[in-house]
Amino acid sequence: MTGEARVVTEQHLTEQHLVEHGITKHRIIVMGVSGCGKTTIGDLVARELGVPFLDGDSLHPVENVAKMAAGTPLTDEDRWPWLATVGSELAAAGNGGLVLACSALKRSYRDAIREQAPDTVFLHLHGSKEVLRARTEGRSGHFMPPALLDSQLATLEPLGADEAGIVVDIAAPVDQVVAEALAGIAAAVRSTAAAVVGIPDGGTSAGAAGTQPRQFDVDLQAAPFNLDDAAVQWVNGTLESMSLEEKIGQLFINHNNGYSPEYLDGVLENYHVGGMRYRPGPSAAVQEHIRYAQSKTRIPLLVASNPEMGGAGSCDDGTFVSTHLQAGSHPDKAIARQMGQVAGVETAALGCNWAFAPIVDIHYNWRNTVISTRAFGNTPEIVVERAKEYFDGISESPTACAMKHFPGDGMDERDQHVVTSYNTLGYEEWNRSYGHVYREMIGHGVQSIMIGHIGAPELSRHFRPGLADKDIRPATLAPELLQDLLRGELGFNGLILTDASQMIGLTQAMKRRDLVPATIAAGCDMFLFFRNPAEDFQYMLDGYKSGVITEQRLHDALRRILALKASLGLHQKARNELVPPVEALAVIGSDAHRAIAAEIADKTVTLVKDTANNLPITPATHKRIRLYGISGGSDFTRADPLAYLDTVKAELENAGFEVHLFKTADQREAAGETGVNFMSVISEEATGDYADKYDAAFVFANVKGFAQEAAIRIKWSTPMAAEIPWYVTEVPTVFVSLNQPNHLIDVPMVKTAVHAHAGSPEAIRATIQKIMGSSEFQGTFNENVFCDSFDTRL
């Protein structure tokens with residue numbers, strides 16, 4: 001056992017004793033006169049200890065604030081109520097711990113605080129009068145005028161020998177002050193614990209002088225990296241050779257918005273990024289861009305893609321194989337493996353080496369539409385089984401996976417692209433569901449985990465008892481979720497990255513300049529996407545220089561980043577070998593891959609209900625088809641949301657149907673027709689001879705739009721719109737969803753509903769064949785399709 005491992009074990013043993021006696025976290029007062037840095041140092045100490053921070057000044061009654069702002073020193077009579085509030089706040093923190101900034105200048109003040117929180121440790125930030133005056137005069141926006149400094153120094157009574165505490169000189173750099181404070185606190189807490197519960201002092205080791213013991217530093221030779229000695233040497237040697245700017249840059253994953261060499265030169269030369277991710281584009285252009293990128297960077301790049309559905313998530317001409325839900329909707333678990341295999345082969349041909357997949361969320365809430373098609377199902381068992389298959393399939397190619405979105409989506413109906421969402425399960429229930437999934441996948445070897453901007457109030461409070469509602473953070477900013485839970489209890493040794501940093505689930509939490517470094521300080525290793533490259537890079541650099549990101553945290557993150565690259569063998573390849581030759585692109589969208597997609601579509605098209613026994617419908621029995629198309633409107637891809645109707649119409653006509661395509665008033669006006677409006681269309685469409693004109697009605701819905709809306713439902717073209725299935729009483733009507741599984745809540749009147757899962761040509765062709773009875777429906781569904789409403793089953 002290494003010395004570091006012994007420290008960790010002994011630390012756990014001591015903390016177990018503390019837990020048994022109800023002392024699980026520290027209660028600390030950061031004390032000193034105005035200008036000593038109580039707020040700055042206190043907040044950094046709290047971050048390192050993983051406990052909340054509170055500025056005691058915020059607890060002053062308004063009368064005290066007014067007196068100080070006017071330059072009037074407070075009397076003890078003014079202070080006693082405030083000190084009582086300070087003590088009660090510390091006591092109320094309970095086992096969750098708290099760091100609180102409070103001047104606590106007199107022994108009597110500290111005694112008053114200790115009356116309510118006896119185990120409080122005092123951290124005295126000491127500075128010379130010259131240092132303090134310089135800092136006080138440089139401040140603005142604070143209600144303590146510098147003129148009161150002399151009064152405070154005269155009042156100050158240093159800590160007594162019998163007081164649990166430590167004195168740290170503030171003349172040193174901030175990171176050194178924090179390190180010394182943490183080391184001193186560790187010793188003081190042990191002494192306090194010995195007095196309170198009888199633990200022998202000196203029972204733990206604080207590690208090297210001036211450092212805080214860390215439980216979760218990376219083990220490069222353990223799973224999932226499993227590096228050999230040469231690879232470890234490369235990681236350490238590369239780290240030692242990097243400039244500070246290169247180190248900061250490695251934390252970022254750029255979103256590549258252009259394909260020009262000039263754009264790429266700017267990203268690499270100015271920001272030294274550790275990774276890139278591509279939106280779909282022409283495969284040849286994407287590959288050439290990646291080749292240029294790898295040739296220009298000193299340290300090989302992680303090149304990510306989003307192959308959630310096969311190769312289609314990486315380039316325009318990639319193969320759409322299936323959605324996650326589709327891969328979970330048939331007893332054949334090999335569908336998920338095939339999806340991973342195609343995704344791996346096609347993305348590797350581009351030069352990508354990192355997949356932001358599989359998705360291991362559980363679709364518990366039918367109203368949640370951000371993962372309704374992106375989750376394998378609504379039970380942890382199906383998610384684990386299919387996620388392992390996908391991982392095994394894509395791992396046949398030189399690709400690492402980043403499963404997502406920890407701590408788990410699918411509970412809240414909202415979408416973290418537009419608002420912070422929450423996983424509200426209790427600790428035990430989370431462990432049985434999402435925790436089970438993560439344990440299984442970590443044990444299966446997944447190399448990295450993407451963190452969602454998803455809060456988990458009950459999980460956070462499990463590790464930070466008493467945490468207030470206002471202090472619940474999304475997981476990307478929550479050390480109790482990233483370190484205590486993911487690193488600690490789940491034992492994840494791999495790389496942690498944030499989800500996209502422009503998502504409002506993150507940006508609403510705090511100012512950008514604070515949140516950028518806070519994600520790394522909390523336990524993330526990489527930061528996904530710049531908002532403004534120059535700003536974000538500087539925010540991260542400032543966070544390191546100010547001590548928000550400690551040297552140890554920075555270097556641990558960098559070792560994980562470099563280890564992931566080494567685990568892919570990137571360090572062993574020449575620059576011209578990191579991207580395959582142009583000829584490799586032949587596998588993308590190949591006939592063999594399209595055949596796999598067609599086979600999967602045939603297996604997974606699902607009949608949700610046919611309570612009126614409308615099927616089969618054939619050209620021989622129902623020749624004339626009224627065809628309606630429904631979409632959610634254009635989304636961020638800017639693609640024509642109704643383009644799929646051309647494929648549907650062509651396939652129906654090829655099958656022998658006579659197709660009459662409905663067009664809304666807006667569509668008819670766009671085509672040049674005049675004198676038409678939604679009321680005239682309703683009047684024209686809903687006539688008594690509807691059944692004389694048409695033999696059946698088909699409604700094909702392709703409603704997308706996640707990342708733009710908090711939840712997605714069908715949006716009809718107008719009030720009482722003519723395309724709403726009023727006609728179910730007139731002719732046999734079949735409703736087909738090409739995307740979302742939850743549409744029955746909006747069309748409960750339809751008696752025949754089919755979930756085709758995708759708007760691909762293969763899925764549309766298979767759907768029409770099954771409607772005609774030419775092949776059997778094989779897909780399955782879960783109860784989410786009925787949306788908790790009785791009428792959807794009728």
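**Entry 1: ground rules**

Helices (H or I, at least four residues) and strands (E, at least two) are DSSP runs, numbered from the N terminus. I am working on a predicted model, where local features need pLDDT of at least 70, side-chain atom pairs count only at pLDDT 80 or more, and totals for chains, interfaces and linings use all residues. Residues are numbered from 1 along each chain as its sequence is written, and side-chain values use heavy atoms, with hydrogens and water left out.

**Entry 2: helix 29 and its surroundings**

I started at helix 29 (761-771). How many of its 11 residues are buried? I found eight, so I noted the helix as mostly covered (buried means under 20% relative accessible area, exposed over 50%, partly exposed in between, with a 1.4 Å probe and protein chains only). The buried residues are Glu-762, Ala-763, Ile-764, Ala-766, Thr-767, Ile-768, Lys-770 and Ile-771. They pack against helix 24 (591-604), helix 25 (644-654), strand 19, strand 20 and strand 21. Contact here means heavy atoms within 4.5 Å.

Then I checked the backbone around this helix. Just after helix 29, Gly-773 has a positive phi of about 85°. His-757 also has a positive phi, about 75°, although it is not a glycine. I noted this because most residues other than glycine have a negative phi. His-757 sits in the loop between strand 21 (752-755) and helix 29. Is His-757 buried or exposed? It is buried, with a relative accessible area of 4%.

**Entry 3: a six-stranded sheet**

Next I traced the sheet that holds strands 19, 20 and 21. It is an open sheet of six strands in the order 16-21-20-19-17-18, with mixed pairing. Two strands pair if DSSP finds at least two bridges between them. Which strands lie at the edges? They are strand 16 (606-610) and strand 18 (658-661), and each pairs on one side only. Neighbouring strands are turned by 20° against each other on average, direction ignored.

I looked at one pair inside this sheet. Strand 19 (residues 696-702) and strand 20 (residues 733-737) pair in the parallel sense over five bridges. Phe-700 has Val-736 of strand 20 as its bridge partner.

**Entry 4: strand 4 and its partners**

Strand 4 (residues 121-126) came next, and five of its six residues are buried. Strand 1 (residues 27-31) pairs with strand 4 in the parallel sense over four bridges. Here Ile-28 has Val-121 of strand 4 as its bridge partner. Strand 5 (residues 165-169) also pairs with strand 4 in the parallel sense, over five bridges. In that pair, the bridge partner of His-124 is Val-167 of strand 5.

**Entry 5: two helix pairs**

Two packed helices are described by the angle between their axes and the distance between the axes. The axes are lines fitted to C-alpha atoms, for helices over the stretch in contact, and angles run from 0 to 180 degrees between N-to-C directions.

I took helix 15 (residues 380-394) and helix 17 (residues 434-444) first. They pack at about 25°, with their axes 9 Å apart. That makes helix 15 roughly parallel to helix 17 (angles under 35 degrees count as roughly parallel, over 145 as roughly antiparallel, 65 to 115 as roughly perpendicular and the rest as oblique). The contact includes Val-383, Ala-387 and Phe-391 of helix 15 and Val-437 and Met-441 of helix 17.

Then I took helix 11 (residues 261-271) and helix 12 (residues 283-296), which pack at about 35° with their axes 10 Å apart. Leu-264 and Leu-268 are among the helix 11 residues that meet helix 12, where Tyr-292 and Ala-293 are among the partners.

**Entry 6: loops and cis bonds**

Most peptide bonds are trans, and I listed two that are cis. The bond from Ala-223 to Pro-224 is cis, with omega near 5°. Pro-224 lies in the loop between helix 8 (174-197) and helix 9 (229-241). Asn-226 lies in that loop too, and its phi is near 55°, a positive value. The other cis bond joins Phe-406 and Pro-407, with omega about 5°. Pro-407 is in the loop between strand 10 (400-406) and strand 11 (421-422).

Last, I looked up Thr-373, in the loop between strand 9 (354-355) and helix 15. Thr-373 counts as buried at 12% relative accessibility. Leaving out residues up to four places away in sequence, Thr-373 touches Thr-323, His-324, Leu-325, Asn-739, Gln-740 and Pro-741.
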